[in-house]
Amino acid sequence: MALPAHLRTLAKVQGEVTLHIEGPVSQRSILDALEAGYPVLRGTVRDQVTKQRRPFLRFFACAEDLSHQPPDSALPDAVLSGAEPFLIVAAVAGG
Amino acid sequence: MSKVRVLVGTRKGAFVLTSDGKRQKWDVTGPHFGGWEIYHLKGSPADPNRLYASQSNGWSGQLIQRSNDGGKTWEPVGNKFAYEGIPGTHQWYDGTPHPWEFKRVWHLEPSLTDPDTVYAGVEDAALFRSTDGGNNWEELAGLRGHGSGPHWQPGAGGMCLHTIILDPADPQRIFIAISSAGAFRTDDGGKSWKPINRGLRSQYIPDPEAEVGHCVHHIAMHKSKPNVLYMQKHWDVMRSNNGGDSWQEVSGNLPTDFGFAIDIHAHEPETIYVVPIKSDAEHYPLDGKLRVYRSRSGGDEWEALTEGLPQQDCYVNVLRDAMAVDTLDDCGIYFGTTGGQVYGSANAGDSWMPIVRDLPAVLSVEVQTLS
């Protein structure tokens, strides 16, 4: 998984993050695993209460925008195998 | 030897400015949390090394940071701000019901006595409290639930709870202010609340003297006179002598009574400061002259303080939480601008000097006086 720079700084990680997930691999399960491994990221990718993706963050994988996929949809096989990263990308916004 | 620590929140990080009691030479550290909006940071009166900071940005929402060493190092604490029960609705800009949604923390107010207790004023307007150093937050839901909540409406900056004043004489009494609902008070530690807006008059709402709907920008209280409150409203500078039960206008001879910041001299409870801003549409000083106005009579009679401040071509704003005072014998007063300057005065406003000139836009300024 790849995080935007400001979240890498917050989580004190460099480069990609590797997550080990048991059971179905979906947006929800990898975000659950991410937040369990890096509690400081709770609330930063998705709202703590509603669990909605923050609107200025997008989810990309295998050259596709998965941001609007249901959170329990299966992710591409290449992400499951670790061949391709799941990208959390900061939208071009702000000032 | 006394020291002063000025905590500055900006659009792109936090900065800590320190000086000895002379307040002539300053050390600047930061940015802390570079790139993030720091709406507010403030120290605990009970433990000056305990600081809390509100960190947010448009991508990743809200975080709360805590320092136990005066701002040298920080650790993230709890950032779950869940409204109690079913949040319900308030009015949207077009008058339609709009669900209450948490957006950010505007103001953090540490307890006067317990470093682990801190209050958070948030947008959409609500008051939260933590009693474990910011790890967990609980809404004081009596404020939103007291009855007028469904009629509150956001101002241009959002529907934010931006002012929290803890009464030093009565731990059960808290004052808060919301843009643009007005001012409210609890006398029972936050269980029940009542609007305290009698005497406010606002031409921009259908009933200018309505119980709620006034765009209160900031309120200040002097610890020696907790029943006396001063308010910078959208337009009008106001004073209450009875804990907010009623208000009188004290704008007097101000060149314009629009503004955001208001504060009080540390040792003279009738000496107050405002920064007049031209108008609601033109958020900059009149005539390009940055002037702090001081009243030594609790309002009505004001004098311009200009020495050391730019008196031409100045078009910055001074936001509601961006003015503060220290408690040294010669009271220091500080304010930050949207142009990134932080000005300080070591003589109660008679003269000013820029401490820093080129920070990101300043959102908040707080001061700690350290022995």
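Me: How many residues does the contact take from chain A and from chain B?
Reply: This is a predicted model, in which local features need pLDDT of at least 70, side-chain atom pairs count only at pLDDT 80 or more, and totals for chains, interfaces and linings use all residues. Residues are numbered from 1 along each chain as its sequence is written, while chains are lettered from A and ligands numbered from 1 in the order in which they are written. Two residues are in contact if their C-beta atoms, placed from the backbone, lie within 7 Å. On that basis, the contact takes 16 residues from chain A and eleven residues from chain B.

Me: Which strands are the edge strands of the open sheet with the order E3-E2-E1-E30 in chain B?
Reply: Strands here are DSSP runs of E, at least two residues long, numbered from the N terminus, and two of them pair if DSSP finds at least two bridges between them. The open sheet has four strands with antiparallel pairing. An edge strand pairs on one side only, and in chain B these are strand E3 (27–32) and strand E30 (362–370).

Me: Which residue in E3(B) is the bridge partner of Thr18(B)?
Reply: Strand E2 of chain B covers residues 13–20, and E2 pairs with E3(B) in the antiparallel sense over four bridges. In E3(B), the bridge partner of Thr18(B) is Asp27(B).
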